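This report is for a reader who is new to the structure. Please look at the sequence and the model before reading on.

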Amino acid sequence: MRIYLSRPHMSGHEQARVAEAFASNFVAPLGPQLDAFEAAVADYLGGGLHCVGLSSGSAALHLALRIAGVGQGDEVWISSMTFAGGIFPVNYLGATPRFFDLDPASWTMDTGRLADELAKAARENRLPKAIVPTDLYGQSVDMGALEALADQYGVRLVVDSAESIGARDRAGRMAGSGGDAAILSFNGNKIITTSGGGMLVTKHKDWADQARFLATQARDPAPHYEHSTYGYNYRLSNICAAIGLGQMQVLDDRVARRRKIFARYKDALSRPGITFMPEPEGQFSTRWLTALTIDPAQTGTDREAIRLALLEHQIEARPLWKPMHMQPLYKGAPYHGSGVDERLFADGLCLPSGSDMSNDQHDEVIGHVLAVLDGKARG
């Protein structure tokens, strides 16, 4: 590819942080850069939070669900339109997913539908063990409404904020700060990256302590290796955390650039049949990826025609996440919705949105999309 969907964007600060780690010989899993990275993220997200750096966002979700008490046969209610890593930990624990549709006004979990199903489940004595909504494509869920429902029914809330660090909800709260826990991802395609990595964020100190214990092979305090339960090798390396420290210095700049890219796409491509991901009043999305839908009936083309035209020019674009209830793995799983997510998948496309993309590259992408929309070949 010449133009990627979203590739790592280094600032130069990262090299200095990594050099500090090498100079002090903290190249093993733990060290001062990891401590500082956890503190920097906690400070960015707001007071009273505890952060645990981990090997991936999926690892963070796995630990959060285990600490929440999710186990064999329990139900976890989860957004259907999400990345596979945002659901597989439910399987790791032997639990059962129940999938929920999106609100068309936000493209995040439909809280009205969730409220109705929680009331019904409470009457039937079958409440879930946990709820896992997804901050889709950099847009925060309605944290206030979800927290109120979780409190009302005594259900744990774990927010999948893997795609949304830097976003804010309508109350001004930072994405990644909600629920009993939230999970972040620092994969290479995210707004900021540690090359690979994630984080568990929680207001509960005991959850953070448990996460650190389980993520370091669940070693009991003893001069030898003593284990009373099983754990995982899930801690983020100190070297990767050093990269993250450098990235935190430019996080707001990266968000601003992605929002500008989204705005340029919207200005250039808005026409009947093209619908961009909404941003509800009062919310602030990172626009991690520019997501839009193409209505074939109105435009005379479809998302695949545009995707393939871009691919011919070595430009990466991708469909929106395929809803999990449509995946072969989850065939027959319970699903509550009217198919908003199904329609978004059918017509939806993510355009290149990397913060290192030049205006010339951006104009090239726009030109190829317009050529398809206008029915013209473009060399």
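The sections below take up the pockets, the salt bridges and one sheet of this predicted model.

## The largest pocket

The volume of the largest pocket is about 300 Å³. Its lining is made of 22 residues, and those nearest the centre are Ser58, Phe83, Ala162, Ser185 and Lys190. Sorted by character, the lining holds 13 polar residues, six nonpolar ones and three charged ones.

Two elements, helix H3 (57–67) and strand E8 (181–185), each supply at least two residues of this lining. H3 gives the most, with three residues.

## The second largest pocket

The second largest pocket has a volume of about 170 Å³. Residues from several stretches of the chain appear in its lining: Pro104 and Trp107, then Gly273 and Thr275, then Thr293, Ile294 and Asp295, and finally Val340, Arg343, Leu344 and Asp347. Strand E11 (290–294) and helix H12 (340–347) are the elements that give two or more residues to the lining of this pocket.

Of these elements, H12 gives the most, with four residues. By character, the lining of the second largest pocket divides into five nonpolar, three polar and three charged residues.

## Salt bridges

The model has a count of 16 salt bridges. One of them joins the side chains of glutamate 364 and arginine 2, with a distance of 2.6 Å from N to O. This pair links distant parts of the chain, as the two residues are 362 residues apart: glutamate 364 belongs to helix H13 (residues 359–373), while arginine 2 lies in the segment before helix H1 (13–24). Are these two residues buried, partly exposed or exposed? Glutamate 364 has a relative accessibility of 22% and therefore counts as partly exposed. Arginine 2, at 40% relative accessibility, also counts as partly exposed.

Arginine 126 and glutamate 124 form another salt bridge, in which the closest N and O atoms are 2.6 Å apart. Arginine 126 is partly exposed, because its relative accessible area is 25%. Glutamate 124 counts as partly exposed too, at 43% relative accessibility. In a further salt bridge, between glutamate 304 and arginine 307, the closest N and O atoms are 2.7 Å apart. Both residues are in helix H11 (residues 303–312); because they are three residues apart there, about one helical turn separates them. Glutamate 304 has 28% relative accessibility, so this residue counts as partly exposed. Elsewhere, Glu38, Arg212 and Arg235 are linked in a network of salt bridges.

## A four-stranded sheet

Four strands form an open sheet with antiparallel pairing, in the order E10-E11-E14-E12. Which strands stand at the edges? They are strand E10 (274–276) and strand E12 (318–319); each has a single partner strand, so one side of each is left without a neighbour in the sheet.

E12 runs antiparallel to strand E14 (residues 348–351), and two bridges join them. Within this part of the sheet, proline 319 stands opposite leucine 349 in E14. Strand E11 of this sheet is also one of the elements that give two or more residues to the lining of the second largest pocket.

Notes
Residues are numbered from 1 along each chain as its sequence is written. This is a predicted model: local features need pLDDT of at least 70, side-chain atom pairs count only at pLDDT 80 or more; totals for chains, interfaces and linings use all residues. Side-chain values use heavy atoms; hydrogens and water are left out. On a 1 Å grid over the protein atoms alone, a cavity is a set of points where a 1.4 Å probe fits but cannot get out, and a pocket is an open set with protein on both sides within 12 Å along at least five of seven lines; lining residues have an atom within 4 Å of a point. Grid points are joined across faces, edges and corners, and a volume is the space filled by probe spheres set on the points. Ala, Val, Leu, Ile, Met, Phe, Trp, Tyr, Cys and Pro count as nonpolar, Asp, Glu, Lys and Arg as charged, and the others, Gly among them, as polar. A salt bridge is a side-chain nitrogen of Lys or Arg within 4 Å of a carboxyl oxygen of Asp or Glu. Buried means under 20% relative accessible area, exposed over 50%, partly exposed in between (1.4 Å probe, protein chains only). Two strands pair if DSSP finds at least two bridges between them.
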